[in-house]
Amino acid sequence: MDTLTLPSLQQLEDNLNGIIRGKADVVRLVLVTLLAGGHALLEDVPGTGKTTLAKALARSIDGVFRRIQFTPDLLPADITGSSVYRPLDGSFEFHEGPVFANVLLADEINRTSPRTQSALLEVMNEKQVTVEGQRRMLPEPFFVIATQNPSEFQGTYPLPESQLDRFAGCLTLGYPELADEMEIIHSRNERDPLDTLPLAVTCADILTLQAEIRRVRVDRAVTEYALRLVAATRADPRVRLPVSPRGSLILYRCAQAFAYLAGRNFVLPEDIRALALPTLAHRIHLHAKARYGGILPAHVLEEALETVPVPR
Amino acid sequence: MTGPLITEQEQPAASRLPLPILAAALVALAALCLVRHVWVLPGLFGLALVLPYLVSARIATAPARGLLRLLLFSLALLAAFQPHALAQDELVNVRWSNLFGYLCAAEIVVQAWSRRPHTLLLFLLPCGVLLAAGNTYDSPWIQRIAPLFILCLTPGFRWYRPRPAVRPQRAVLLTGVLLLATLGLGFAVNIAVLRYQVALNAWGAQVMPVASRGNLGISLAPVLGRRSGPQGSSERVLRLDGSRSIYYLRGMAFDTYHQGHWTPTLLERSIQIIPRHTPKFGFGSVQLHIAKLAPLNDLLFTPLATGDISTGSAINWSPDYGGPLLGSASKVMSYGILLTTPGLPSIWPAPTPDRRAQMLEVPAEIDPGIIQLARQIGGNASSPQMKVQKVVQYLLTNYHYSASIDPGSGDPVSNFLLMRKSADCEYFASAATILLRCLGVPTRYVVGYYAHEFDLGSSMVVRQRDAHAWVEAWVDGDGWKTIEATPAGGRPDARRDTLPSRRQYLKAWLQDTRQAINSRLRHLRPWLLAIIPAGLLLYLLLLGWRLLRQRRRRRDMAFHALPADRRLASAAMRFAAWLARAGAPCPPGIPWQEHLARLEADLPAEARAFVQAYNGARFGPAQRDDDLMALSTLLAKLENTPLSRPQ
């Protein structure tokens with residue numbers, strides 16, 4: 001069988017495209033990140049639909065949706081949950097924190113303290129919470145959409161490189177086109193489209209798909225191509241911190257998911273190229289001289305994409 | 001994390017000798033070992049050349065290299081002036097040539113351990129080592145090793161870049177032309193030296209006043225000089241088949257003695273040609289068949305009682321002086337002997353009056369006491385046979401054999417007879433010759449081989465150490481007689497070692513097999529023989545081309561260019577070529593699909609269809625023949641579609 005296409009996946013994508021107009025590529029990337037088992041970081045200005053996207057995703061997969069609005073005074077226990085004393089019987093009852101959800105929107109993650117950030121990121125990595133020595137697993141699938149405002153710097157705690165590296169993709173929604181914005185306004189004239197969003201897939205389906213995607217074939221030449229792109233970042237003298245092996249692995253998984261969503265059971269070099277910027281750019285950190293020279297990590301990747309030969 | 005990351009790729013790798021240079025240097029050192037029979041210092045040098053491939057440390061500073069140079073040069077000096085047991089034909093003094101070779105080898109080692117070796121020296125120094133090894137023009141090893149040396153060194157030219165690099169394509173062409181030219185020159189020189197080696201040897205003997213010793217223990221111009229021990233090895237030189245008997249195989253005879261020298265030399269003799277004649281016997285009925293097992297000169301060693309000889313080609317000889325018999329320049333490797341019978345006399349004629357007079361001459365430098373001694377020994381003998389018997393008996397009784405000889409001052413034979421009384425077979429034979437001449441018996445001095453060792457079956461084997469000297473006397477009415485005047489302890493059979501080891505037997509078997517193959521090949525026509533090397537050369541060229549092609553293909557297949565499946569690779573190359581013809585060559589960093597999407601030109605729909613089908617076949621789970629057929633069909637359509645170049 002040459003293609004693997006599930007109508008439900010198409011429905012899921014249509015659901016999201018119906019809510020987030022004119023951003024089909026970003027929607028697909030979010031789905032890729034979800035199916036690859038990673039988490040997404042949306043770096044965008046307020047009001048572009050980040051929360052709406054997360055809600056739409058949660059409703060489409062019949063999952064639990066939680067939102068955390070990060071503030072500087074937020075504590076780790078506010079995220080993971082804590083035990084509360086019950087005076088009636090003198091016991092402690094664990095109250096789950098908002099992380100116990102299928103889709104978690106971590107809004108403005110850069111506004112909370114590094115301690116709280118690391119608590120969330122630890123949860124993202126291990127998909128479990130340990131409180132008072134007791135381990136509690138998070139529901140599956142567990143997908144985090146974190147957001148941060150790229151234009152505000154006062155009172156923020158930028159995510160360090162090692163924590164940025166844990167996000168599979170760093171995406172930007174951006175402002176919609178005029179026609180799309182018109183459509184957005186009209187679609188919300190009478191009711192909220194989120195209320196009538198049909199169920200597309202279940203959480204169990206998502207888990208099945210995540211396992212299915214690992215069977216998508218990646219030719220050795222394509223793998224080498226991906227690794228050579230990564231190697232190019234490591235050899236670039238302008239790069240202070242290049243892509244890590246975690247980045248290579250995420251690129252590999254996302255490429256499989258991307259191919260799967262395109263209806264193929266094999267990965268093409270085009271898939272690697274399409275995912276290189278979203279999955280690798282936020283992992284590259286430049287020397288100060290390069291930054292002040294106006295070089296961006298995306299420029300480094302674009303140069304690599306132009307120069308590294310593509311397998312044929 | 002601050003500061004740049006330094007990876008291991010950024011540190012310069014330790015320099016190493018290019019592999020061809022290393023191979024050439026090792027071959028030259030091996031030549032030095034094999035020709036000079038020295039192993040320790042060349043072996044150490046060879047090891048020192050290989051070690052840089054295993055360790056990355058180098059000698060960075062000039063003073064340290066100078067110190068190493070001093071140490072190695074000192075070793076070379078000590079090793080070069082060690083006494084050598086074997087003395088072979090040499091163009092210059094063997095010690096100086098050894099020193100030159102060791103110094104060159106030492107400098108190669110210094111260069112190998114330097115950070116930046118001098119490229120030109122790396123080419124010249126191995127040549128110096130080989131020159132030192134080739135100081136002797138008589139060693140067969142140089143004939144075999146020199147072509148190998150050239151083959152090893154030639155590919156190293158690609159590392160020699162005295163000028164800025166030219167364009168890659170031109171550099172490849174220049175390298176190929178240089179390789180062919182060097183190979184051709186090397187082969188031409190080798191063939192010329194092999195073909196004209198006799199003339200070169202003769203010219204060398206004329207030019208240089210060196211007492212030339214014959215091959216492997218036979219002296220073509222004997223000199224009674226200092227000896228420092230037994231000479232000769234167990235290397236086989238001749239094999240005799242057909243008769244198991246003791247034979248004195250004569251090489252050359254000399255009838256003129258002067259101050260320790262026996263003459264005339266080969267150049268001083270008039271040579272006659274015996275045309276190739278139909279032998280009086282068939283090859284299968286020869287009584288004695290002699291095969292050369294080592295590349296001796298053209299002497300044909302025959303017993304005195306030779307009635308006829310057959311080599312399959314013309315023979316040169318000098319009958320007046322009792323020989324020698326010489327094969328043709330094409331190196332006779334085996335020949336048949338028919339021994340004398342009552343109806344078949346010996347080929348050696350009676351001496352002419354001049355030669356008879358020469359064979360009776362007692363040189364003026366002989367001490368008068370010798371003449372007196374001779375009269376004392378055999379003055380009252382009634383017949384030549386009796387005189388011979390008395391002289392031989394006297395020598396065997398009163399003199400003893402010794403391999404270490406100091407001739408002293410004056411005439412060596414006189415000193416031996418009157419004072420020293422111990423010497424080797426050359427002195428005994430010379431003394432017997434002089435004594436018999438004093439008694440009026442015409443005699444001549446003969447050098448050759450003493451065949452005594454029986455081998456398997458009906459064979460006999462003659463080794464280098466069986467070189468011997470004896471006397472031949474002319475007895476009126478009886479002809480030529482062989483006279484052995486050396487004590488039994490000094491004869492080759494007395495010095496015989498124990499039975500050869502298994503390794504020596506194996507080596508002998510290999511030699512015999514090669515001899516048999518050579519003998520069969522000699523009967524083939526030249527054009528048939530030429531097919532074999534030509535075919536081998538062609539095969540090597542094809543193999544080399546195929547290996548290069550595979551290497552390039554493997555390099556391409558390793559990553560970016562072509563798939564492992566040849567049909568897909570062919571399709572990819574054809575499509576790339578089609579794109580180029582269509583004026584839309586695809587950059588190597590862009591996939592075809594993306595490239596086609598970027599193009600503004602209106603390319604045929606088959607192009608996109610091809611790319612889609614190709615991607616499926618190339619990167620998909622399995623290639624089916626149908627997919628490949630479809631690709632081929634699409635390609636054919638594209639290639640047949642007229643192209644309109646994009647704007």
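These exercises work through chain B and its contact with chain A in a predicted model.

**Exercise 1. Chain B as a whole**

Task: State how many helices and strands chain B has, and what share of its residues is buried.

Solution:
- Start with the elements. Chain B has 19 helices and 19 strands.
- Turn to burial. Of the 647 residues in chain B, 34% are buried.
- Add the sequence range of the contacts. Take the pairs at least 6 apart in sequence; 75% of these contacts join residues at least 24 apart.

**Exercise 2. Two packed helices**

Task: Describe how H10(B) packs on H13(B), and classify the residues of the contact.

Solution:
- Choose the descriptors. A helix pair is described by the angle between the axes and by their distance.
- Locate the helices. H10 covers residues 368–378 of chain B, and H13 covers residues 425–438 of chain B.
- Read the geometry. The angle is about 75 degrees, and the axes are 8 Å apart.
- Classify the angle. The range for roughly perpendicular is 65 to 115 degrees. H10(B) and H13(B) are therefore roughly perpendicular to each other.
- List the residues. H10(B) brings B:Ile370, B:Ile371, B:Ala374 and B:Ile377. H13(B) meets them with B:Ile434, B:Leu435 and B:Cys438.
- Sort them. The contact holds 7 nonpolar residues, with no polar and no charged ones.

**Exercise 3. A sheet and the helix across it**

Task: Give the strand order of the open sheet in chain B, find its edges, and place H13(B) against it.

Solution:
- Write the order. The 4 strands run E3-E15-E18-E19 in chain B, with antiparallel pairing.
- Find the edges. Strands E3 (247–254) and E19 (479–483) of chain B each have a single partner strand, so one side of each lacks a neighbour in the sheet.
- Note the turn. Neighbouring strands are turned by 40 degrees against each other on average, direction ignored.
- Look at one pair. In chain B, E15 (residues 443–451) and E18 (residues 467–475) are antiparallel and joined by 7 bridges. B:Arg444 stands opposite B:Glu472 in E18(B).
- Place the helix. H13(B) lies across E15, E18 and E19 of chain B. H13(B) runs at about 15 degrees to E18(B).

**Exercise 4. The contact between the chains**

Task: Count the residues each chain gives to the contact, then describe the side of chain A.

Solution:
- Count. Chain A gives 23 residues and chain B gives 17.
- Name the suppliers. In chain A, H9 (220–235), E10 (239–241), H11 (269–280) and H13 (297–307) each supply at least two residues to the side touching chain B.
- Sort by character. That side of chain A has 12 nonpolar, 2 polar and 9 charged residues.

Methods: Residues numbered from 1 in each chain as written. Chains lettered and ligands numbered in written order. Predicted model: local features only at pLDDT ≥ 70, side-chain atom pairs only at ≥ 80, totals over all residues. Axes fitted to C-alpha atoms, helices over the stretch in contact; angles between N-to-C directions. Parallel < 35°, antiparallel > 145°, perpendicular 65-115°, else oblique. Contact = placed C-beta atoms within 7 Å. Nonpolar A, V, L, I, M, F, W, Y, C, P; charged D, E, K, R; others polar. Buried ≥ 20, exposed ≤ 12 C-beta atoms within 10 Å, placed from the backbone. Pairing = 2+ DSSP bridges.
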